[in-house]
Amino acid sequence: MRVLGVDPGLTRCGVGVVDGVAGRPLTMIAVGVVRTPADAELGQRLVAIEQGIEKWLDDHRPEYVAVERVFSQHNVRTVMGTAQASAVAMLCAARRGIPVALHTPSEVKAAVTGNGRADKAQVGAMVTRLLRLDAPPKPADAADALALAICHIWRAPAVNRLQQAQAAHRQAQLSSRKVTR
């Protein structure tokens, strides 16, 4: 499974591609950051993020895109920028028919470090160890993007089984309603 992880942000949008399956060693394919100038107009920044994400999709052909779910912060301006960058990443994937998964920061931290309240240094250290890298990816946005991809690879099989079981249960309920009528 090849996953593009996206840590959304208007100034620095972390991106990272990881190959692998749950229970086996993972491989980092690429990592980086899509940057936009802080003094550029919002529309221009969103176009730059779109162009950057599109290039990553073209270059690495992921099967899934994992995006950090935007959560409420005290700084509304930061939340808005993060949400806008997140929407651009989801739009780029949806345009190509690539499934998108949203993971909360605590889900990602728990999946990668075992602690949903881990700090950035702990996440970077575990990403380095799990992907057998020489050093943590810099900036932290890049390491966070890889952590998102890892989280999705590890969680996807369980989530898929749960969704299949729920669908089968719904189908059985519909079938039993038809029989009783």
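**A tour of the sheet and its helices**

Begin by selecting Gly-5 and Ala-66, since the bridge partner of Gly-5 in β4 is Ala-66. The model on your screen is predicted, so that local features need pLDDT of at least 70 and side-chain atom pairs count only at pLDDT 80 or more, whereas totals for chains, interfaces and linings use all residues. Residues are numbered from 1 along each chain as its sequence is written, and side-chain values use heavy atoms, with hydrogens and water left out.

Now extend the selection to β1 (residues 2-7) and β4 (residues 64-68), which run parallel and are joined by four bridges; two strands pair if DSSP finds at least two bridges between them. Helices (H or I, at least four residues) and strands (E, at least two) are DSSP runs, numbered from the N terminus. In the same pair of strands, Val-6 has Val-67 of β4 as its bridge partner.

Next, add β2 (residues 12-19), which pairs with β1 in the antiparallel sense over six bridges and forms a hairpin with β1, with four residues between them. Within this pair, Val-3 stands opposite Val-18 of β2. Strand β1 is largely enclosed by the rest of the structure, because five of its six residues are buried, meaning under 20% relative accessible area with a 1.4 Å probe, protein chains only.

Show the whole sheet next: five strands form an open sheet with mixed pairing, in the order β3-β2-β1-β4-β5. At its edges lie β3 (27-35) and β5 (100-103), each of which pairs on one side only. From one strand to the next, the twist averages 20°.

Then select helix α2 (residues 76-95), which packs on the sheet, touching β1, β4 and β5, and whose direction makes about 170° with that of β4. Axes are lines fitted to C-alpha atoms, for helices over the stretch in contact, and angles run from 0 to 180 degrees between N-to-C directions.

Finally, add helix α1 (residues 42-60), which packs with α2 at an angle of about 40°, their axes being 9 Å apart. The two helices are therefore oblique to each other, a class left over once angles under 35 degrees (roughly parallel), over 145 (roughly antiparallel) and 65 to 115 (roughly perpendicular) are set aside. To see the contact (heavy atoms within 4.5 Å), select residues including Leu-46, Ile-49 and Ile-53 of α1 and Ala-85, Val-88 and Cys-92 of α2.

Notes. Buried < 20%, exposed > 50% of the residue type's maximum accessible area, 1.4 Å probe, protein only.
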